[in-house]
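Dear colleague,

Please find below the structure that I am handing over to you. I would be grateful if you could look through it together with the notes that accompany it.

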Amino acid sequence: MTTDEVSLETKATEFADTLTTLTRGVLGPDSPPFSASNSGTRVLVAPLGEDGETVTRIPVTIDQVPCLQLHVQHFCCWDTAGQYLATDRADVKVFFESSLEPLLRYEYVRKWKNPPGAHLQVHAHRDELAYLLRLAERKQSTPSGKFRRGKLPRISEIHFPVGGHRFRPGLEDVLLLLEREFAIDVEPGWRKIVDAETQKWRLLQLRAAVRDAPDVAAAVLRDHLGYTVIPPESEGLPAPRPAAEQDSRLFWP
């Protein structure tokens, strides 16, 4: 294992510890811990079973009764510059207890543009949406169309955009959703933990957004807030990246 791989695994382990603190602080001390497992150029961060590869679901109770389960996993890598931990792929899925199909899933795939890299998919049914999906299927003329021809359209095939590469929801947002809408059992002081981790995540993404568009950030500081901004020497500095190529540090959180 190279030095870079050791450093990547170390960073991923720190991220795993953060997720363990978050989930145990909200759902209780019995929530399974997150671990980092090296898989070559990526590191899997998830609650792992005894084999170190199988992702274990996180149990969620309502009035002390097991009702929901969370599947959470991240595949971490270096960003393009090789300086920051990034997510190559991330999944947060909410299951009804022991169900094979999730109720909803937040997903992020770093290189996707269409469907959007950060998206939400809801496993439900509504006649009007199914009708619109059927119309879309008829309009597509190539065999590689978006929907599976000859099968009923499913609402779970719709990818709802959620904030793009930078400003997408975190695991904290999913936990807030479950507490607000389904009244899941939570630990005393859970909200302070969620709020603190959300603040950290938002500031990290803000810093990343500034790196992506430094000229815009400088203009706001100078023109709207009265700062004096001195640009660096431009020679040898990389140009800001297009939005579709911007690195993501992490999806959750």
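The notes below go through strand pairing, the nonpolar regions, selected residues and salt bridges.

Please keep in mind throughout that this is a predicted model.

Strand pairing

Strand 3 (residues 58-62) and strand 4 (residues 65-78) run antiparallel and are joined by 5 bridges. One pairing to look at is that of valine 60, whose bridge partner in strand 4 is leucine 68. The two strands form a hairpin with 2 residues between them. In the turn, aspartate 63 has a positive phi of about 55 degrees.

Nonpolar cores and a surface patch

As general background, nonpolar side chains tend to be buried together in soluble globular proteins. In this model, the largest nonpolar core has 37 residues. Leu27, Val45, Leu70 and Leu171 are the residues with the most contacts inside this core. Helix 1 (residues 3-27) gives the most to the core, contributing 8 residues. There is also a second, separate core of 5 residues, among them Leu44, Ala46, Leu48 and Phe75.

Nonpolar side chains also appear on the surface, where Val216, Val220, Leu221, Leu225 and Tyr227 make a patch of about 470 Å². Tyrosine 227 lies in the segment after helix 5 (214-223). Its relative accessible area is 51%, and tyrosine 227 therefore counts as exposed, the cut-off being over 50%.

Two individual residues

Histidine 71 belongs to strand 4. With a relative accessible area of 14%, histidine 71 is buried, because the value is under 20%. Leaving aside residues up to four places away in sequence, histidine 71 touches Val55, Asp91, Val92, Lys93 and Phe95.

Aspartate 173 is placed in helix 3 (residues 171-182) and counts as partly exposed, at 24% relative accessibility. Aspartate 173 and valine 194 are 21 residues apart in sequence, and their C-alpha atoms are 8.4 Å apart in space.

Salt bridges

Side chains of opposite charge can pair when their charged atoms come close. The count for this model comes to 10 salt bridges, and three of them are described here.

Aspartate 91, which is also one of the residues touched by histidine 71, forms a salt bridge with arginine 89 at 3.1 Å, N to O. Aspartate 91 is buried, with a relative accessible area of 1%, whereas arginine 89 is partly exposed at 25% relative accessibility.

Glutamate 101 meets arginine 154 in another salt bridge, where the closest N and O atoms are 2.7 Å apart. Glutamate 101 sits in the loop between strand 5 (85-96) and strand 6 (104-109), and arginine 154 in the loop between helix 2 (127-139) and strand 8 (160-161), so this pair ties together parts that are 53 residues apart in sequence. Both members are partly exposed: glutamate 101 has a relative accessible area of 36%, and arginine 154 has one of 38%.

Glutamate 181 and arginine 180 form a further salt bridge, with the closest N and O atoms 3.0 Å apart. Here glutamate 181 is partly exposed at 47% relative accessibility, while arginine 180 counts as exposed at 55%.

With kind regards

Definitions and conventions: Residues numbered from 1 in each chain as written. Predicted model: local features only at pLDDT ≥ 70, side-chain atom pairs only at ≥ 80, totals over all residues. Heavy atoms only, no water. Pairing = 2+ DSSP bridges. Helix = DSSP H or I, 4+ residues; strand = E, 2+ residues; numbered from the N terminus. Core = buried A, V, L, I, M, F, W, Y, C linked by side-chain atoms within 4.5 Å. Buried < 20%, exposed > 50% of the residue type's maximum accessible area, 1.4 Å probe, protein only. Patch = residues over 30% accessible without salt bridge, like charges linked within 9 Å, V, L, I, M, F, W, Y side chains within 5 Å. Areas by Shrake-Rupley, 256 points an atom, 1.4 Å probe, with all protein chains shown as cover. Salt bridge = Lys/Arg side-chain N within 4 Å of Asp/Glu carboxyl O. Contact = heavy atoms within 4.5 Å.
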